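These notebook entries record what I looked up in the structure, entry by entry.

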Amino acid sequence: MSCKKHSRYLPAPSAWSLPVRWLVLALVSACLGIALELIGLSAAFLLGPMIAAILLSVVSGPVRISHHAQLAAQGVVGVMIASALPPTVFHEMASDWPVFLVGVNFTIVASGVLGWLLYRLRVMPGTTAIWGSAPGAATVMTLMSDAYGADMRLVALMQYLRVVACVLATTLIARLLGLHSAAVDRPETVWFPGGEAWISLPEALCVVLAGIVIGTRLRVPGGAMMVPMMIGVFAKVLGLPISLSMPMPVLALAFAVVGWGIGMRFTRGVLRHALALFPYLLLSTMTLILVCGAFGYVLAQFANVDLLTAYLATSPGGADSVAIIASSTQADMPFITVMQVLRFFTVLVVGPGLA
């Protein structure tokens, strides 16, 4: 019997039920995550689920990732960042403020120039080009762009294309440079921690929950990640006896939700809408990554940090994905986080004016 005859009895991917889509997403995410982890790629459990989500979204259509789940995942990432930051983070910020000032402004100016060029070349309207090029948190930039009259779909495509490209490029570069970092080797990942790790988990989750509630109620941009992170940082600075550590299975699940949230935005409709613009957007994205990478090399020569740390600090990708990648390498997490967070808040202030 021919394969074509057999195929009559197999449902097309687009006809898969929601439970089947979730099962396929979970299985492919796990397989890709484990495979990438085994070959030593950084952020394997962000990258694997992200690739799986893109494939599922394009082949059979996206599945809805719960908004609350995405907020919770961002909160977990925020607390993870806080747990990696030393109590001296504000002292480090004050002592190296010229470095952070130059680094933040360079990335913003570079992205603004690229947005202006897209406008001058009549690839897209100026407001859309500026918001699409802005190196802030992708979700926040997309939502803010709609309020300022930009084409939200094109902004989303530009933002998440850059996030995906940055994750791929940063993961590969972290793989190439990670062994040459000057930092101390990170401890081996513990997938099955003992009872102590689980006993202290409720404290960290309370910080996540409190931060999400405060951030959403006050409508802080990116508050689901930023507010839990700030609560955790201040708790460490003040010496409060609060545990911020979380078991690796919890972190891996949060990474997967972040990856799914990025990947599911790449629907066939969005890609079809901007197919004619895709070469320009890809060229713009790769140019920004290369320019920021070149600046990272210069920064490493003058800021007394290793090349991997400088590259991650200047990466124009999302702060959450960069933090996840940095957490699985030997990079200087405090330096990277300070640079990324300062740039995020600066974009929030100057973005509307630039547009």
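**Entry 1. Arg21 and Leu25 in α2**

I began with Arg21, which I located in helix α2, residues 18-38. The model is a predicted one. I asked whether Arg21 is buried or exposed. Its relative accessibility is 15%, so Arg21 counts as buried, the limit being under 20%. I then looked for a polar partner of the Arg21 side chain and found the backbone oxygen of Ser60, which lies 2.8 Å from a polar atom of that side chain.

I went on to Leu25, which also has its place in helix α2. Leu25 has a relative accessibility of 1% and therefore counts as buried. Which residues is Leu25 in contact with, once neighbours within four places in sequence are left aside? I listed Ala52, Ala53, Leu56, Val63, Trp260 and Met264. For one of these, Val63, I noted the backbone separation: the C-alpha atoms of Leu25 and Val63 are 9.1 Å apart, with the two positions 38 residues apart along the chain.

**Entry 2. Leu55 in α3**

I placed Leu55 in helix α3, residues 44-60. The relative accessible area of Leu55 is 48%, so I recorded this residue as partly exposed. I also looked up its separation from Val28: the two residues are 27 apart along the chain, and their C-alpha atoms are separated by 9.6 Å.

**Entry 3. The chain as a whole**

I then turned to totals. How many helices and strands does the protein chain have? I noted 18 helices and 0 strands. The chain has 355 residues, and buried residues make up 51% of them. I also looked up the contacts between residues at least 6 apart in sequence; of these, 76% join residues at least 24 apart.

**Entry 4. α4 against α13**

Two packed helices are described by the angle between their axes and the distance between the axes. I took α4 (residues 67-84) and α13 (residues 248-263), and found that their axes come within 9 Å and cross at roughly 125 degrees. The angle lies between the perpendicular range, which ends at 115 degrees, and the antiparallel range, over 145; α4 and α13 are therefore oblique to each other. I recorded their crossing as left-handed.

I then listed the residues that meet. From α4 they are Ala69, Gln70, Ala73, Val76, Val77 and Met80, and from α13 they are Leu251, Ala254, Phe255, Val257, Val258 and Gly261. By class, I counted 10 nonpolar residues, 2 polar ones and no charged ones in this contact.

**Entry 5. α4 against α11**

I repeated the look-up for α4 and helix α11, residues 201-217. Their axes come within 9 Å and cross at roughly 120 degrees. What is the handedness of the crossing in which α4 passes α11? I recorded a right-handed crossing, whereas that of α4 and α13 is left-handed.

On the α4 side I listed Leu71, Ala72, Gly75, Val76 and Val79, which meet Ala204, Val207, Val208, Ile212 and Thr216 of α11. The residues of this contact divide into 8 nonpolar, 2 polar and no charged. I noted that Val76 appears in the contact with α11 and also in the contact with α13.

**Entry 6. Arg122 in a loop**

I found Arg122 in the loop between α6 (97-120) and α7 (126-133). Its relative accessible area is 78%, so Arg122 is exposed. I checked its backbone as well: phi of Arg122 is near 60 degrees, a positive value in a residue other than glycine.

**Entry 7. Val237 in α12**

I located Val237 in helix α12, residues 223-237. At 36% relative accessibility, I entered Val237 as partly exposed. Not counting residues up to four places away in sequence, Val237 touches Pro87 and Phe90. Val237 and Pro87 are 150 residues apart in sequence, yet 4.6 Å apart in space, C-alpha to C-alpha.

**Entry 8. Thr309 in α16**

I closed with Thr309, which has its place in helix α16, residues 307-314. Thr309 has 0% relative accessibility and therefore counts as buried. Which side chain does a polar contact join to that of Thr309? I found the side chain of Asp306, at 2.8 Å. Beyond residues up to four places away in sequence, Thr309 touches Ala331, Asp332, Phe335 and Ile336.

How values were computed:
Residues numbered from 1 in each chain as written. Predicted model: local features only at pLDDT ≥ 70, side-chain atom pairs only at ≥ 80, totals over all residues. Heavy atoms only, no water. Axes fitted to C-alpha atoms, helices over the stretch in contact; angles between N-to-C directions. Helix = DSSP H or I, 4+ residues; strand = E, 2+ residues; numbered from the N terminus. Parallel < 35°, antiparallel > 145°, perpendicular 65-115°, else oblique. Left-handed = near helix turned anticlockwise from the far one by under 90°. Contact = heavy atoms within 4.5 Å. Nonpolar A, V, L, I, M, F, W, Y, C, P; charged D, E, K, R; others polar. Buried < 20%, exposed > 50% of the residue type's maximum accessible area, 1.4 Å probe, protein only. Polar contact = N/O pair within 3.5 Å; in protein donor to acceptor, adjacent residues only side chain to side chain.
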